[in-house]
Amino acid sequence: MYHNNIFLRKSSTWTAAAWLVVVLLSLFVIGCSNTTNTDRDHEVFRYNEQYQISTLDPAFARNPPIIWPVNQLFNGLVQLDNDLNVQPDIAKSWIISEDALYYSFTLRDDVKFHKHEAFNTVDSTRNVVASDFVYSFDRLTDPAIASPGSWVLSNVEHYKAENDSTFTVKLKQPFPAYLGLLSMRYCSVVPKEVTTFYGNEFRSNPIGTGPFKFKRWEEGVKLVLRKNELYYEKDAAGNSLPYLEAVAITFLPDKQSEFLQFAQGNIDFLNSLDPSYKDEILTASGTLREKYEDQVNFEKVPWLNTEYIGFYLDSNTPEVQSTLLRKAVNYGFDREKMITYLRNGIGKPAVNGFIPKGLPGFNEIEGYNYNPTLAKELVAQYTAQTGDQSPQLTIGTNSQYLDICEYIQRELQKVGLDVQIDVMPPSTLRQMKSSGELDAFRASWIADYPDAENYLSLFYSKNFTPNGPNYTHFKSATFDSLYEKSLSITDINERKQYYIKMDSLIIEQSPIIPLYYDEVVRFTQKTISGFEPNAQNFLVLKYVKKSKE
């Protein structure tokens with residue numbers, strides 16, 4: 001673990017990083033001089049994105065680094081509030097048929113696209129109409145576009161514009177979470193005139209309807225968004241949104257440099273707890289250190305993200321195929337200590353099922369608590385049955401989670417199970433996990449939409465990778481039957497009972513080891529208000545205000 005004198009021990013590293021930051025930040029300030037003034041800095045929200053992004057086209061908004069800026073630029077039919085309830089967006093209302101197959105959306109008539117010459121109108125814009133959603137949905141399924149979000153429409157039989165203000169969708173079969181799914185950024189509305197104008201370059205010239213509009217993007221260095229003066233939403237007092245004048249994003253890849261910039265007040269928030277600075281800003285019990293209390297606000301809320309270790313059940317490795325050993329791993333380490341000492345109290349030990357806190361079905365079943373005695377007994381049973389005196393597992397992970405895997409490794413050695421750790425780049429881990437090349441792997445599942453079905457879909461046999469998210473290749477006729485029946489139930493309380501049964505079955509068979517239910521962690525400057533966290537970790541900036549120093 002890192003200690004509080006990290007900055008003293010790594011002074012030479014920090015000096016180099018600091019100079020790099022100063023140079024890049026100087027370039028950023030100069031590059032933005034034509035869009036923001038220093039005396040109006042309190043109207044500019046600044047954050048850093050560690051990962052490079054390749055597109056601002058919502059059809060490719062598959063991960064948070066892309067979703068965050070896209071969420072500022074585009075709108076869809078519906079949106080989610082901070083409690084993950086479906087709310088109107090461009091659709092002001094909707095009607096759902098009794099059989100839950102037919103959806104009719106009535107659109108607002110005051111939503112305009114960002115201005116662009118391609119509209120060829122007097123004011124360089126026009127209102128959104130229902131046919132725009134037809135075109136936008138068509139893009140998702142167009143092989144020439146190859147959107148990773150095409151699966152969102154896989155259960156849709158047809159959709160059409162009845163007139164300018166009415167958009168209808170007919171499903172192939174009922175899907176209770178469908179409205180929540182439509183809140184995904186894949187389903188944003190885009191204008192045909194502009195996508196035709198730019199072709200493939202729409203990725204770097206986005207035109208939407210969102211609270212902010214695109215200004216400039218120097219890839220890998222900076223991205224600037226400006227306030228959309230045409231935005232339709234207002235606050236409760238009738239004031240136009242957004243409040244901010246601009247959003248400025250840098251792309252420093254080093255987390256230590258990012259933290260230094262935050263500590264110096266040059267960026268407005270941090271969205272993670274990285275090992276390189278966690279002990280500098282938080283105590284071991286997970287509270288903000290006194291030195292930062294006057295400068296920083298600290299918030300954490302449940303996040304729809306379950307961290308886990310998965311087993312590839314089609315592996316030929318006997319240890320992976322053994323339910324005894326998989327259960328031994330589940331019993332063999334203390335999740336409470338892992339959260340306290342390795343994550344400074346951020347997250348909740350996953351001692352229930354795979355469904356995380358915040359969704360119906362959570363906390364209804366008993367999972368695996370720390371029981372080293374039982375873990376030893378299970379390893380002994382495996383040894384007696386197989387004659388294998390030295391059972392061994394290899395877990396694939398990336399460097400970010402190495403400390404957690406090493407902790408599990410040490411604990412399982414105490415119960416008689418040898419664990420090897422294979423560290424690899426995140427891209428390699430994703431590829432090998434998807435292709436079944438890893439016996440065991442550390443992974444996360446972050447909800448695409450707020451329904452427990454999204455988590456349970458990982459164990460449906462028709463979702464085997466690479467055609468779906470069933471990375472473990474778990475297969476159970478009982479589970480499949482429960483899963484399929486749940487899709488036809490619209491009442492959430494009744495559907496919850498199916499979710500509990502499915503989650504219980506997963507815990508019993510142990511194709512995965514739940515580690516912890518994650519939490520959204522946000523550190524913001526004291527000057528920031530109206531920036532509320534949510535369980536899907538959306539970046540919602542339209543309500544944010546920034547006061548002067």
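**Exercise 1.** State what share of the residues of the chain counts as buried.

*Solution.* Of the 549 residues in this chain, 55% count as buried. The model is a predicted one. The criterion applied is a relative accessible area under 20%. As for the surface, the chain exposes about 23,400 Å², and carbon and sulfur atoms supply 48% of that area.

**Exercise 2.** Determine how the chain compares with a globular protein of its length.

*Solution.* Begin with the secondary structure: the chain has 17 helices and 19 strands. Next, take the radius of gyration, which is 25 Å; the globule rule gives 24 Å for 549 residues, and the two values are close, so the chain is as compact as a globular protein of that length. Then consider the extents: along the principal axes, the C-alpha atoms fill a box of roughly 80 × 65 × 40 Å. Finally, turn to the contacts between residues at least 6 apart in sequence: 69% of them join residues at least 24 apart.

**Exercise 3.** Find how far apart the mean positions of the positive and negative charges lie.

*Solution.* The chain carries 54 positive and 67 negative charges. The mean positions of these two sets are 3 Å apart.

**Exercise 4.** Describe the burial of helix α10 and the capping of its N-terminal end.

*Solution.* Helix α10 spans residues 323-331 and is mostly covered, with eight of its nine residues buried. The buried set includes the charged residues Arg326 and Lys327, together with Leu324, Leu325, Ala328, Val329, Asn330 and Tyr331. At the N-terminal end, Ser322 acts as the cap of α10: one of its side-chain oxygens is placed 3.3 Å from the backbone nitrogen of Leu324, a residue that is itself buried.

Note on methods: Residues are numbered from 1 along each chain as its sequence is written. This is a predicted model: local features need pLDDT of at least 70, side-chain atom pairs count only at pLDDT 80 or more; totals for chains, interfaces and linings use all residues. Side-chain values use heavy atoms; hydrogens and water are left out. Helices (H or I, at least four residues) and strands (E, at least two) are DSSP runs, numbered from the N terminus. The radius of gyration is taken over C-alpha atoms; the globule rule is 2.2 Å times the number of residues to the power 0.38. Buried means under 20% relative accessible area, exposed over 50%, partly exposed in between (1.4 Å probe, protein chains only). Contact means heavy atoms within 4.5 Å. Accessible areas come from the Shrake-Rupley method with a 1.4 Å probe; for residues, only the protein chains shown count as cover. The place of a charge is taken as NZ of Lys, CZ of Arg, CG of Asp or CD of Glu. A polar contact is a pair of N or O atoms within 3.5 Å; within protein, one must be able to donate a hydrogen and the other to accept it, and residues adjacent in sequence count only if both atoms are side-chain atoms.
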